[in-house]
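Q: Please take a close look at one helix in this model, covering its ends, its burial and its contacts with the rest of the chain.

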Amino acid sequence: MKAIKLFVAALAMTAMPLAVGAQSMYTAKQYYNQGRYLDAAKQLRPLADGGNADAQLMAAELFFEGKGVAKSDAQGVKYATMAVNKGKSLPASLKAELAR
């Protein structure tokens with residue numbers, strides 16, 4: 001019985017960061033859709049740096065467009081490349097940014 005309780009506790013602790021990450025991504029998307037780009041960037045940056053490919057795509061867009069962050073093609077390329085390396089397809093808007 002004690003082993004089962006320990007297993008359940010360990011499982012809950014490993015799932016918690018996933019729930020927090022999902023909540024942060026949801027919040028970042030809400031901020032983005034509201035035009036609160038600085039707030040979106042604050043939510044996205046740790047997720048993108050942590051390997052979340054969806055956050056990497058959004059961060060790339062923010063950097064290419066200079067929304068909520070200083071405009072930086074180098075940072076945009078960095079995050080777009082990270083997302084592609086995770087198997088994500090680039091949306092047409094980011095493909096256009098990379099082509100220029």
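A: A polar contact here is a pair of N or O atoms within 3.5 Å, one able to donate a hydrogen and the other to accept it. The model is predicted. In it, Asn 52 caps the N-terminal end of α3, with a side-chain oxygen 3.0 Å from the backbone nitrogen of Asp 54. The helix itself covers residues 53-65. Its 13 residues reach 18 Å from the first C-alpha to the last, close to the 18 Å expected at 1.5 Å a residue. Just after α3, Gly 66 has a positive phi of about 70 degrees.

Burial comes next. α3 is mostly covered, with 11 of its 13 residues buried. Among them are Ala 53, Gln 56, Ala 60, Glu 61, Phe 63 and Phe 64. Gln 56 counts as buried because its relative accessibility is 1%, the cut-off being under 20%. Leaving aside residues up to four places away in sequence, Gln 56 touches Ala 48, Gly 51, Tyr 79, Met 82, Ala 83 and Lys 86.

Further along α3, contacts can be followed from the partner's side. Gly 76 belongs to helix α4, residues 73-85. With the same exclusion of residues up to four places away, Gly 76 touches Ala 60, Phe 63 and Phe 64, and these three residues are listed among the buried ones of α3. Gly 76 is at 0% relative accessibility and therefore also counts as buried. Its C-alpha is separated by 8.8 Å from that of Glu 97, 21 residues apart along the chain.

Key. Residues are numbered from 1 along each chain as its sequence is written. This is a predicted model: local features need pLDDT of at least 70, side-chain atom pairs count only at pLDDT 80 or more; totals for chains, interfaces and linings use all residues. Side-chain values use heavy atoms; hydrogens and water are left out. Helices (H or I, at least four residues) and strands (E, at least two) are DSSP runs, numbered from the N terminus. Buried means under 20% relative accessible area, exposed over 50%, partly exposed in between (1.4 Å probe, protein chains only). Contact means heavy atoms within 4.5 Å. The expected span of a helix is 1.5 Å times one less than its number of residues.
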